[in-house]
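User: I have a model open and would like to learn how to read a few of its features with you. Could you take me through them?

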Amino acid sequence: MKYKVPFIKPKFPDTEDVANDYDEILAANWFTNFGPFERKFAQEIGTYIGEEYFAATFSSATAGLMASIIAVLGHGDGTKYIAMPSFTFAAGADVIVWCGYLPIFVDIENLSLQMDIKSIEMLLNDEQYKNKIAGILFCNAFGVGTTNIEEWEQLADKAGLPLIIDSAAGFGSLYSEKRKVGSAGTCEVFSFHATKPFAIGEGGAVVSKDRDLIQSLMSIQNFGFRQGNVTQLGFNGKLQEMNAAIGLRQFINFDSILQNRRAVFKQYRMELNAERFNLQNNAENASLCFATIVVKQPADRNRYLALLREAGVDAKTYYSPSLHKQDYFKKAVTFSSLPVTDLIDSSVLSLPIHDNMDQADISLIVQTLNDSR
Ligand SMILES: *Cc1c(COP(=O)(O)O)cnc(C)c1O
């Protein structure tokens, strides 16, 4: 079904500009394997996060997550756990299993929708698990930066565990006015999938202060080669030149796009009936792949969803059902119960945000939700 207000409406570079890049790629006769467009794109990503940061591009965030776990922890023997939220996208848990670890799900907080630091403290003190945790996969929920990132860094430091951060949807987001998402943990992973605010089609990147780690990630994504010799387990996770060229063009208006997207979210925050809806904490500092709201009466959520769709608005319910309810991951261990995850699962609603969203479309969404009885 085609909606009057689509869920995403990414803006891609003009045909003429892309054609010029394509000509340049043909003339260089260099299509992938760290060509000039990819090298420049990787450098711009690092610089965007901060002067002392480096980036490795990838064919997807999933490939970036996989290489990060292999680079930081090595391939596991299937007995150690990596802690992560159940309320996130499947990629993180998939990758943990592919890398030879087991996901262990911890609960989230009610208003930030971020992993709950108290749950992880409990886990790290739990007799059954405390010696079996190999690392933490923090997931900035919907690409929104958690406001307590320093506490997470301290906790990981103290426990001697790597803190890999899945910030897939969060390129352009801020933890706080002073700190960008991308600047924290052992490394942070971004996606440039068409559904994300910085879209190139398929693509991703890993950002870190650790230059050796970035070198290792480049080797892993290139079959484990270093100077023609396979020195570690690898795969093919490289980003091709055409996608890097699109990425370089997407930087051009990115700041104004972010402003527009944040303005839409602020309007949702101001205009949606606060007695009936919560909006995710710190989302006004995010790049906002969409707006996440929580319906205070979970029983009403599906009715709101249906009303929006009847009105021609493609709303969704990310990341519901959460991972511990998905058939494959039901087998994965869950740590105690996940009451907040279960509550949010039944009450979350995702509203469209576009780069240049029509005022009429925003009003339609607000009115449909506020006027419903
Ligand atoms: C989109 C997303 C991914 C996957 O990104 P790809 O580039 O499609 O591999 C992973 N994790 C989260 C949280 C996401 O939102």
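Analyst: Happily; we will go through the ligand site, then some backbone features, and then two buried side chains. Keep in mind that this is a predicted model.

User: Let's begin with the ligand. Which residues surround the ligand?

Analyst: A good start is to list the neighbours. Here the ligand is surrounded by S60, A61, T62, T88, F89, A91, D166, A168, S191, H193, K196 and G203. By class, this shell has four nonpolar, six polar and two charged residues.

User: Which side-chain or backbone atoms lie close enough to count as polar partners of the ligand's oxygen atoms?

Analyst: For this we look for N or O pairs within 3.5 Å. The side chain of T62 has a polar atom 2.6 Å from a ligand oxygen. K196 also places a polar side-chain atom by a ligand oxygen, at 2.7 Å. With A61 the partner is a polar backbone atom, 2.9 Å from an oxygen atom of the ligand. As for cover, the ligand on its own has 380 Å² of accessible area, and the protein covers 90% of that.

User: And where does the ligand sit?

Analyst: The ligand sits in the largest pocket.

User: Now the backbone. What should I expect of phi and of peptide bonds in general?

Analyst: Most residues other than glycine have a negative phi, and most peptide bonds are trans. That gives us two kinds of exception to look up.

User: Which residues other than glycine have a positive phi here?

Analyst: Two to look at are N282, with phi of about 65°, and L288, with phi near 60°. N282 lies in the loop between β12 and β13, and L288 is found in the loop between β12 and β13 as well.

User: Are N282 and L288 buried or exposed?

Analyst: The cut-off for buried is under 20% relative accessible area. N282 has 13%, so N282 is buried. L288 has 2%, so L288 is buried too.

User: What about the peptide bonds? Which residues does a cis peptide bond join?

Analyst: One cis bond joins Y318 and Y319, with omega of about -20°. Another runs from S320 to P321, where omega is near -10°. To place them, look at the loop between α10 (301–310) and α11 (339–345), where Y319 lies. P321 is found in the loop between α10 and α11.

User: Back to the β12–β13 loop for a moment. What does the side chain of S287 reach?

Analyst: First, place the residue: S287 lies in the loop between β12 (277–279) and β13 (291–295). Its relative accessibility is 1%, so S287 counts as buried. The S287 side chain reaches the backbone oxygen of A169 at 3.3 Å.

User: One last residue, then: R179. Is R179 buried or exposed, and which side chains does R179 contact?

Analyst: We can use the same steps of placing, burial and partners. R179 is in strand β7, residues 179–180. R179 counts as buried because its relative accessibility is 17%, where the cut-off is under 20%. As for partners, the R179 side chain makes a polar contact with the side chain of E150 at 3.0 Å. The side chain of S183 is also a polar partner of the R179 side chain, at 3.0 Å.

User: Thank you, I can follow those steps on my own screen now.

How values were computed
Residues numbered from 1 in each chain as written. Predicted model: local features only at pLDDT ≥ 70, side-chain atom pairs only at ≥ 80, totals over all residues. Heavy atoms only, no water. Near = heavy atom within 4 Å. Polar contact = N/O pair within 3.5 Å; in protein donor to acceptor, adjacent residues only side chain to side chain. Areas by Shrake-Rupley, 256 points an atom, 1.4 Å probe, with all protein chains shown as cover. 1 Å grid on protein atoms, 1.4 Å probe; cavity = no way out; pocket = protein on both sides within 12 Å on 5 of 7 lines; lining within 4 Å. Sits in = over half its atoms within 2 Å of the grid points. Nonpolar A, V, L, I, M, F, W, Y, C, P; charged D, E, K, R; others polar. Helix = DSSP H or I, 4+ residues; strand = E, 2+ residues; numbered from the N terminus. Buried < 20%, exposed > 50% of the residue type's maximum accessible area, 1.4 Å probe, protein only.
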